[in-house]
Each structure stands twice: as structure tokens, then as C-alpha cells.
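Student: I would like to understand how the terms used for a protein model are justified. Could we go through some of them together?
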Amino acid sequence: MIFDTVIIGGGSSGLTCGIRLQEAGKKCVIISSGQSALHFSSGSFDLLNALPDGTKVTNPIDALKELKAQNPKHPYTKIGEEKFAHLAQEAQRLLADAKIQTVGSYHANHYRLTPFAITKPTWLTMADYVYAEQPDTFSWKNISIINFTAYLDFHPNFFADKFRRMGMSVREIEIDLATIANNKNNLSEMRSTNIARLFDNGKTFANFANILKSKIEKSDAVLLPACLGLEHADIVDTLSNILGVTVKLLPTFPPSVSGIRSQYLLKQRFMELGGTYMLGDTVNKVEFEGNQVTKIYTVNHNDIPLRGEQYVLCSGSFFSQGLVALPNDIIDPICGLDIDYISDRKQWFADDTFDKQNYESFGIKTNEHFLAIKDQKTIDNLHVCGASLGGFNALKDGCGGGASLLTALYAAEEILGNKK
Ligand SMILES: Cc1cc2nc3c(=O)[nH]c(=O)nc-3n(C[C@H](O)[C@H](O)[C@H](O)COP(=O)(O)OP(=O)(O)OC[C@H]3O[C@@H](n4cnc5c(N)ncnc54)[C@H](O)[C@@H]3O)c2cc1C
């Protein structure tokens, strides 16, 4: 099977790269083993929330010079200031074209809530989520926070306490979905995705909306856990119209309904543009000749190789098994590329979970154009993108989503020969 570009991994970086290449008329295949980090998304894409020394970032572009000084290895340093703004804008355009509705801009961070109700800066937030332009500036006075009986992924008390401390009147309403849906099988499995599927049933949704309408009294806003809209976000607008009041979502613990929806919409967009998506297949062998990849093999296609002029590795980090930790080594199990890491295992992690963890910054070594390095030599037709890359701490710097989208777009532009 011959393609222009073969992409390994179908999370946010693989799909973004594939979409951009398909838009430009290239013929791409994405091979993806399964779930991506998007399934655990908070509902926001972070671009750059903090510098390595902990300084908070309000304007990511203004912070790039200092980021370069503090961490010359960061992928944004390779991208460079001018291209950074162009790619961030492109990422916003690409998400919008895929019908992923977000608020925010790369010019300035806004603020989102975590599932613990902590306020954090971010780049783009799903349009149906609670967000604020400045920390904790909400105009509501009376709000209703909804929860569902036996729901495992949401803790409304964190949010209720926070909003009460801000002087709001908060009504907490618990609804037993099992009685509304008349589906007792779901009682022991009240996870976000199962609830979202219950609401896909029009009758259950209508029953829920009617019951809610009778309970919210004079609320300025009704805040629900983000467990609606596996395929489409408009269910929140529909509910808002029925109730006649603002409805917004609060983040839950994983699984993330909005993350799964984003993954689905990106995949749809890639396939609408003519891309081939092989879900549930795993790349198990990559062949090299000199400084080029020549063929890749997958579990499902056995001895039939996939070939391309260009290859892109988007297999993620430890979380997606794009990187694997052995007792005293860190490896890329797919291509055997060189890894940027600390050889002394004792320095891989800090004892306090909330401290900076060095392993977060381990990843595949690349040259200044994100071309892979193997046995200290550059591989000319293999770009590496997203969480597979080394040199940055997505959690501490708050840049995971942005680094994945921007490096994927950078690789696509390189492959297309766009040097802008
Ligand atoms: C739990 C968690 C929560 C996060 N929350 C946020 C957040 O709120 N905001 C934010 O901005 N960032 C967040 N991030 C970071 C951000 O989501 C990730 O950096 C980004 O989504 C990574 O995208 P990716 O495509 O590079 O990798 P992944 O999303 O990890 O995708 C890699 C894909 O490659 C596939 N794969 C691996 N090996 C093979 C193989 N051999 N063959 C075929 N396919 C393979 C995997 O199945 C997976 O689908 C979070 C990360 C994690 C882990």
C-alpha cells in the first residue's frame, strides 16, 4: 500500500498533521492502536501557561523569548516566534473547520476550571464550558449546579464551595437518571460516557429537561457536569433554549466526553478530506535504509508493508506507549529512535507527586526541523510530533495541547515545502 505520507498514531497530533496534508491534496494514512490522550482532556487546549521557573504566562507570544532562555530544548524554541503565531492561528482555524467549537485566542490566555474547581490559565476552551477572561470573574448571582445520583466522575462540592466563597447563591440539585431513563442497568455504571449515551435518547433528554425546568427556579445559570454531547456540542444550546437560561458545563474527571468528541470530529474531518484511518491497528516494525524510512508493518496487515515518501511519528508519550520505560532505559518501541533522557533512574521522578517530574520531559531526539535522530544520524523522511517529543514538561508548563497541534502543523508545512 503506497501513500504520500504514513502517520503513526491518531491522537491530536497525528490527526492534525493528517488533516493539514489532506487539505493540501496529499494522500495520507493514519494507523492508530486506540485511545489517545484526548480521551482524558480537561476540555481545554493549553498553549503555554507557565515558564519553567514557575512564572505565570498571560500572553504566550510575549513569553517565548524567556522560554527560550530558560529551556532552549522546548519545541516552541525550534518553531521560533514568527512561525509560532502563524501555526497557533492555523490550529485555531483547523479546529473550527473540524467543527470543534472553542473560545480563546493565542494572543492571551483565558481561565478555565479543573475538576477540583481550581482556576487555571489556558488557550482554547470548549465553547460550552465555564470559562472567564480574568481569573474568577463570573457575572452570575444565583446558580444551580446539577449532579446525578451515583455519578462517579464529578464532585459538585468543589464547585459549590468555590462559587459560594465568591458570594454567589448556589442551589445543588441531584437528579436520579435511572428513574428518568427507566434503565436500571446503568445504576452501577454512572460514568460520563454512559450518561452522554443516555442523553442521545431524545425521550430521556426531554424528560430530563422537563424535570430540570421545574427545579432550577430563578437561576442565572445552570451548570452541569460535562457529560453531554458525545458527537455534537449543540445539545447544551438545546437545553439552554428549553430552560430559558444560560447552561454551561463543568469539567469532570476522565473519561472526557468533550475530548472523545474532539477526537471523533478530527477523525471525521480527516476522512471527509479523503484520508485513510486504520483504527485498532498497531505498527510493529519499521524498516530503514540509510537515512530514510522505507516501509512500515502493522499487526493487522502482517507482511503487507505500508510505504510513503514521508513518515510522521505521533505515537505519544508513556501514556500511549509511544515511549516505554525499562528498568534502566527509556525506548521508542516503534522505530528505536534516540531518546533525550537522564540515564540515572533515581533522577527520573520526584517522590512528591506534585513536584516537577523529570520523566515528563523525556522524549525522542530531533533536529531543529523535528526530523528524527537514530544512532545520532538524522532520518530525512521521518518527522516526530506531539507528546513523543522530548524537551518539555506538558503538565508543569501547561503546553501539552499546543505543543501537539503546533509541532504537527510544523511537520505538515515542512512536508508541503511551505517555509513561511
Ligand atoms: C491524562 C492526560 C491529560 C491531559 N490533559 C490535557 C489538557 O487538559 N490540556 C492540554 O492542553 N493537554 C493535556 N494533556 C496533554 C495533551 O493532551 C497531549 O500532549 C496531547 O493530546 C498528545 O497528543 P499526541 O497525539 O501527541 O499523543 P496521544 O494523544 O498520546 O496519541 C498517540 C496515539 O498513538 C497511538 N499509538 C501508540 N503506539 C502506536 C503504534 N505502535 N501503532 C499505532 N498507533 C500507536 C496511541 O494509541 C494513541 O492513539 C493531557 C495528557 C494526558 C496524558
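Tutor: What follows is a talk about burial, contacts, strand pairing and the surroundings of the ligand, and please keep in mind that this is a predicted model.

Student: Why is Ile 296 called buried?

Tutor: Ile 296 has a relative accessibility of 0%, and buried means under 20%, so Ile 296 counts as buried. As for its place, Ile 296 belongs to strand E15, which covers residues 292-298. Leaving aside neighbours within four places in sequence, its contacts include Val 6, Ile 8, Ile 31 and Tyr 311.

Student: Why is Arg 269 buried?

Tutor: The relative accessible area of Arg 269 is 18%, and the cut-off for buried is under 20%, therefore Arg 269 is buried. Arg 269 lies in helix H10, residues 257-272, and, not counting residues up to four places away in sequence, it touches Ile 19, Glu 23, Asp 97 and Ala 98.

Student: What makes E3 and strand E7 a pair?

Tutor: Two strands pair if at least two bridges are found between them, and E3 and strand E7 (residues 124-126) have 2 bridges, in the antiparallel sense, so the definition of a pair is met. Phe 45, for example, has Leu 124 in E7 as its bridge partner.

Student: Which strands are the edge strands of that sheet, and why?

Tutor: The open sheet is made of 3 strands in the order E3-E7-E4, with antiparallel pairing. Its edge strands are E3 and strand E4 (102-103), each of which pairs on one side only.

Student: How do you know that Ser 42 makes a polar contact with the ligand?

Tutor: A polar side-chain atom of Ser 42 lies 2.5 Å from an oxygen atom of the ligand, and a polar contact requires a pair of N or O atoms within 3.5 Å, so the distance fits the definition. By the backbone, Ala 387 has a polar atom 2.9 Å from an oxygen atom of the ligand, while a backbone N or O atom of Gly 400 lies 3.5 Å from an oxygen atom of the ligand. Taken alone, the ligand exposes 1000 Å², and the protein buries 87% of that.

Student: Which helix or strand gives the most to the shell around the ligand?

Tutor: H12 gives the most, with 3 residues. By class, the shell holds 9 nonpolar, 20 polar and 2 charged residues, and of the 31 residues around the ligand, those that come nearest include Ser 13, Asp 46 and Gly 401.

Key. Residues numbered from 1 in each chain as written. Predicted model: local features only at pLDDT ≥ 70, side-chain atom pairs only at ≥ 80, totals over all residues. Heavy atoms only, no water. Near = heavy atom within 4 Å. Polar contact = N/O pair within 3.5 Å; in protein donor to acceptor, adjacent residues only side chain to side chain. Areas by Shrake-Rupley, 256 points an atom, 1.4 Å probe, with all protein chains shown as cover. Helix = DSSP H or I, 4+ residues; strand = E, 2+ residues; numbered from the N terminus. Nonpolar A, V, L, I, M, F, W, Y, C, P; charged D, E, K, R; others polar. Buried < 20%, exposed > 50% of the residue type's maximum accessible area, 1.4 Å probe, protein only. Contact = heavy atoms within 4.5 Å.
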